[in-house]
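Here are a few exercises to help you find your way around a new structure. Try each task by eye, then follow the solution step by step.

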Amino acid sequence: MLIKVYGSAVFGVEATTITIEVHMDKGIGYHLVGLPDNAIKESSFRIAAALKNNGLTLPGKKITINMAPADLRKEGSAYDLPLAMGILVGSDQIKAPAIEEYIIMGELSLDGSLQSITGALPIAIKAKEEGYKGFFLPKQNVKEAAIVTGLDVYGVENLQQVIDFFAGKGTIEPTTIDTRTEFYKTLDFPEFDFSDVRGQESIKRCMEIAASGGHNIILIGPPGAGKTMLAKRLPSILPPMTLREALETTKIHSVAGKLKEVGLMNQRPFRSPHHTISNVALVGGGSYPQPGEISMAHNGVLFLDELPEFKRDVLEVMRQPLEDREVTISRAKFTVTYPSSFMLVASMNPSPSGFFNDPSMPNTSSPHEMQRYMSKISGPLLDRIDIHIEVTPVPFEKLSDDRKAESSVEIRKRVTAARELQSLRFEELPNIHYNAQMNTKQIREFCALDEQSKQLLKTAMERLNLSARAYDRILKVARTIADLDAAEQIIPSHIAEAIQYRSLDRDGWLG
């Protein structure tokens, strides 16, 4: 007797339907084929114990199970439940004529209860696309899968509930989530708010510009100046995610198993990896490629604190994803692509001692030490950072000032208005949504300068000895400043402000 049960495999952020064919024959044996990994091969022991603890048995017959397509590598313990159901139906222990209309996934414990799985959202999206009636999965993952409308999503706690459902002995109510209500639960009172920051008005202005144009930014300053404090508050002024962005972000976190009983993500991610991170952990990879930190920060912020402390090769692998806004991981048999459109926020001390350019502290680092310290960050990486800003310590008078600073909600209104202008400007360009994504062609089209602005930029580049790489960056930032002022044209004051934000490009910045 041949029975078919349907599961799913996730590659990158997309799912592929897997057909589990169970064949019973005379004899004794258990043969599992179709490129299963060790976790799937071990499933027979979990299934046997789970069946016995629920008053059922693993039949003493020759059981052949094929996981098709057979040339596609399957991994993980989430196939326990469909394998168990296939064996039960194939051995006539239960009747389930409708089982082929459903996708079934879940990891079995020895008592028959179910453990959570990864990638529930991409699987649910694929199940709906292919016309399946419903999707059975562990209750812990039901919220993320229930985002998909038009598909019955059943969160189950144990094997017995699934058996009873197909045998017609019990009913399970499908979980439904109103995606729009869930999505619009925005936080108008963020945990980290710019109103907590005393002083630093010029840095706040700089962060507002970075958020408005999606520009990468590096903060340079001595310890205790407030670099980390400012960076943590950046997500609170970014415009709210669109429904499309929220789905993209939730998909990646679902694949990585990081959702923890959350439905749709409506807050932009903020990732802050430690400087000991490896290349693979940062950009993604492994024998079964998983998303790295840059993909987990998709549509949000990646914060690299103390940038020169990161290994140089780790920073270098970020160059291509910063440019392409996606990362492709290739293996011998397959290739996966993860999106990685994030805002990079980096911070660093200006010297090993941290007190270069601080008039109140002696500079104990020699020029050679400082040069070696700065050389850990390559020119091509700095090339991809639009804004460099020096952060100075806040004087006591401002720290002790009781006046309330401007809140993140107020700043976000201006940022959102600027982003809306950019959305209108780039509506004909499918892959460009904000100023930081412009290429040279678009810069020439949308950042045209009048004669006075051109002259100012020429003078600045000659006097400050700015590198050629700074030219396009200054124009992009000036365009964003003009958008914040709701100005059609870039004027000299916009160029003048943008020039200030290129500290590390200035010749002789290290003395």
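**Exercise 1.** Find which residue takes a positive phi just after α4.

Solution. Go to the end of helix α4, which covers residues 120-129; helices here (H or I, at least four residues) and strands (E, at least two) are DSSP runs, numbered from the N terminus. Just after α4 you meet Gly131, with a positive phi of about 80°. Before going on, note that this is a predicted model, in which local features need pLDDT of at least 70, side-chain atom pairs count only at pLDDT 80 or more, and totals for chains, interfaces and linings use all residues. Residues are numbered from 1 along each chain as its sequence is written, and side-chain values use heavy atoms, with hydrogens and water left out.

**Exercise 2.** List the buried residues of α4 and say what they pack against.

Solution. First, take buried as under 20% relative accessible area, exposed as over 50% and partly exposed as in between (1.4 Å probe, protein chains only). The buried residues of α4 are then Ala120, Leu121, Pro122, Ile123, Ala124 and Ala127. Next, look for contacts, meaning heavy atoms within 4.5 Å. These residues pack against the strands β1 (2-11), β2 (14-25), β5 (102-104) and β8 (134-138), and against α5 (142-145) and α10 (243-255).

**Exercise 3.** Which strands pair with β8, and in which sense?

Solution. Two strands pair if DSSP finds at least two bridges between them. With β5, β8 pairs in the parallel sense over three bridges, and here Ile103 stands opposite Phe135. Five bridges join β8 to β9 (residues 152-156), again a parallel pair, with Gly134 opposite Asp152. As for cover, five of the five residues of β8 are buried.

**Exercise 4.** Which residues of the largest nonpolar core touch the most other members?

Solution. A nonpolar core is a set of buried Ala, Val, Leu, Ile, Met, Phe, Trp, Tyr and Cys residues joined through side-chain atoms within 4.5 Å. The largest one has 63 residues, and Tyr79, Met85, Phe135, Phe136 and Phe166 touch the most other members. Helix α3 (residues 80-90) gives the most to this core, with seven residues. Apart from it lies another core, of 50 residues, including Met207 and Leu475. As a background rule, nonpolar side chains in soluble globular proteins tend to be buried together.

**Exercise 5.** Where is the cis peptide bond, and where do Leu35 and Arg325 lie?

Solution. Start from the general picture: most residues other than glycine have a negative phi, and most peptide bonds are trans. A cis bond joins Ala68 and Pro69, with omega about 0°; Pro69 is in the loop between β4 (62-68) and α3. Now turn to phi. Leu35 has a positive value near 55° and lies in the loop between β3 (29-33) and α1 (38-41). Arg325 has a positive phi near 60° and is found in the loop between α14 and β15 (326-330).

**Exercise 6.** Are Leu35 and Arg325 buried or partly exposed, and why?

Solution. Leu35 counts as partly exposed because its relative accessibility is 35%. Arg325 is at 18%, so this residue counts as buried.
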